[in-house]
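Work through the exercises below with the sequence and the 3D view at hand. Try each task before reading its solution.

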Amino acid sequence: MNEVDRPASMTGWRVRRPGPIDEAPLDQVWEPVPEPAADELLVRVLACGVCRTDLHVAEGDLPVHRVGVVPGHEVVGEVVAVGPGVGAVAEESRFTQTFAVGDRVGIAWLRHTCGACKYCLRGAENLCPRSTYTGWDADGGYAEFATVPADYALLLPDGYADTELAPLLCAGIIGYRALERAALPPGGRLGLYGFGGSAHIAAQVALARGAELHVMTRDPAARELALALGAASAQDAADPPPVQLDSAIMFAPVGNLVPPALEALDRGGILAIAGIHLSDIPALNYQRHLFQEREIRSVTANTRTDAREFLALAGEHRIEVTTRGYSLGMANQALADLAHGRFTGAAVLVP
């Protein structure tokens, strides 16, 4: 195995038992540094973004897939060991990439797919029934070290600090896929509902493509950030935008916002729902919400192609990432602050 010296033990956080974030459901642990499998990389975590999906895992909105899991799937790390089978994996992969000790790599949400089902074979690996996910099915980045299958590790663009890159690995990638699912026409009017870590990155991609942006969020500071980035308008979460929208993306996990978002769409408009969890949607009225060929589309994870396309775009066009840093020891606090909307942009844990 190609590797460098590393400590025998590390600290990290595990979900003791899912529950309200104000009850601190994560426990800090000391345990051995994991050994990478033959097809895996071991990375020293340099930064790990704090995603709303981590909050859903910690609070139990998502069913438990791995008892006591280490959350975190926006991981920027330095390779410290390369499993003996990684070279063979690279030769067989449709993604041409090699890794060496010292490389800076990303670990994202999608961790493994079967590669053989009808979804994988048609390029929709995010729909694979046997897919697994970092920080849910396998331990993630709320720790000093983490592993990743080499074929799912991501090469990262230059020109960004570790803390800037971390939110790109889910907030950025999922925002990019949501924007693709929303099918915004060239120069179209786009509405964003919620303006946290993912939305403020997707907004910049949309603006770079010539979109007219309208933001609906309850947070006054987030409205100010949206206007500073170039939004044409910013209003409260359920308020109507000043124009009808060609497309909209729902980032806030609030089902009550779906009806006003649909009412804000022009004929043929599309609403993409970006989150893995959404509270219940109230009853819809066909004439007011869906008639005239309005659509609702969900967003289910991402493909590796999405990730590589987005990171290539981030390498060509500088994305300004608003972050709030926390030490690794403040994982519960970072999640609580996210739950209560105590910051704008994206939180990042730094070991």
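**Exercise 1. Find which residues have the most contacts inside the largest nonpolar core, and which elements build that core.**

Step 1. Note that this is a predicted model. Its largest nonpolar core has 50 residues. Those with the most contacts inside this core are Leu26, Leu41, Val43, Val50, Tyr142, Leu335 and Leu349.

Step 2. Now list the elements. Two or more residues each come from β2 (9-15), β4 (40-50), α1, β5 (75-82), β6 (104-107), β9 (145-149), α10 and β18. The strand β4 gives the most, with six residues.

Step 3. Zoom in on Leu41. Leaving out residues up to four places away in sequence, Leu41 touches Pro36, Val79, Ala81, Val82, Val86, Phe99, Ala146, Thr147, Val148, Ala150 and Ala153.

Step 4. Look for another core. One of 48 residues lies apart from the largest, and its members include Leu179, Phe195, Ala222 and Phe251.

As background, nonpolar side chains tend to be buried together in soluble globular proteins.

**Exercise 2. Decide how covered α1 is, and name what its buried residues pack against.**

Step 1. Count the buried residues. Six of the eight residues of α1 are buried, so the helix is mostly covered.

Step 2. Name them. They are Thr53, Asp54, Leu55, His56, Val57 and Ala58.

Step 3. Find their neighbours. The buried residues of α1 pack against β2, β3 (26-32), β4 and α10.

Step 4. Move just past the helix. There, Gly60 takes a positive phi of about 90°.

**Exercise 3. Work out where the largest pocket lies with respect to the domains.**

Step 1. Set out the domains. Domain 1 covers 9-169 + 302-349, and domain 2 covers 173-298. Their C-alpha centres lie 26 Å apart. Across the boundary, 29 residues of domain 1 are in contact with 18 residues of domain 2.

Step 2. Examine the lining. The largest pocket is lined by 45 residues, and Arg52, Gly196, Phe251, Ala252 and Pro253 lie nearest its centre. At least two lining residues each come from α1 (52-59), α4 (162-182), α5 (197-208), α10 (331-339) and β18 (346-350).

Step 3. Conclude. Both domains give residues to the lining, so the largest pocket lies between domain 1 and domain 2.

Step 4. Add volume and character. The pocket holds about 1000 Å³ of space. Its lining divides into 26 nonpolar, 15 polar and four charged residues.

**Exercise 4. Describe the second largest cavity.**

Step 1. Search the whole structure. Two cavities of 30 Å³ or more are found.

Step 2. Take the second largest. About 30 Å³ of space lies in this cavity. Its lining is Ala108, Leu110, Tyr152, Leu154, Asn302, Arg304 and Ala307.

Step 3. Sort the lining by class. Five residues are nonpolar, one is polar and one is charged.

**Exercise 5. Compare Gln292 and Ala301: is each buried, partly exposed or exposed?**

Step 1. Check the backbone. Most residues other than glycine have a negative phi. Gln292 has a positive phi of about 65°. Ala301 also has a positive value, near 55°.

Step 2. Place them. Gln292 is in the loop between α8 (286-290) and β16 (295-298). Ala301 is in the loop between β16 and α9 (304-316).

Step 3. Apply the cut-off. Buried means under 20% relative accessible area. Ala301 has 11% relative accessibility, so Ala301 counts as buried. Gln292 has 28%, so Gln292 counts as partly exposed.

How values were computed
Residues numbered from 1 in each chain as written. Predicted model: local features only at pLDDT ≥ 70, side-chain atom pairs only at ≥ 80, totals over all residues. Heavy atoms only, no water. 1 Å grid on protein atoms, 1.4 Å probe; cavity = no way out; pocket = protein on both sides within 12 Å on 5 of 7 lines; lining within 4 Å. Points joined across faces, edges and corners; volume = space filled by probe spheres on them. Helix = DSSP H or I, 4+ residues; strand = E, 2+ residues; numbered from the N terminus. Nonpolar A, V, L, I, M, F, W, Y, C, P; charged D, E, K, R; others polar. Domains from an automatic or database assignment. Core = buried A, V, L, I, M, F, W, Y, C linked by side-chain atoms within 4.5 Å. Buried < 20%, exposed > 50% of the residue type's maximum accessible area, 1.4 Å probe, protein only. Contact = heavy atoms within 4.5 Å.
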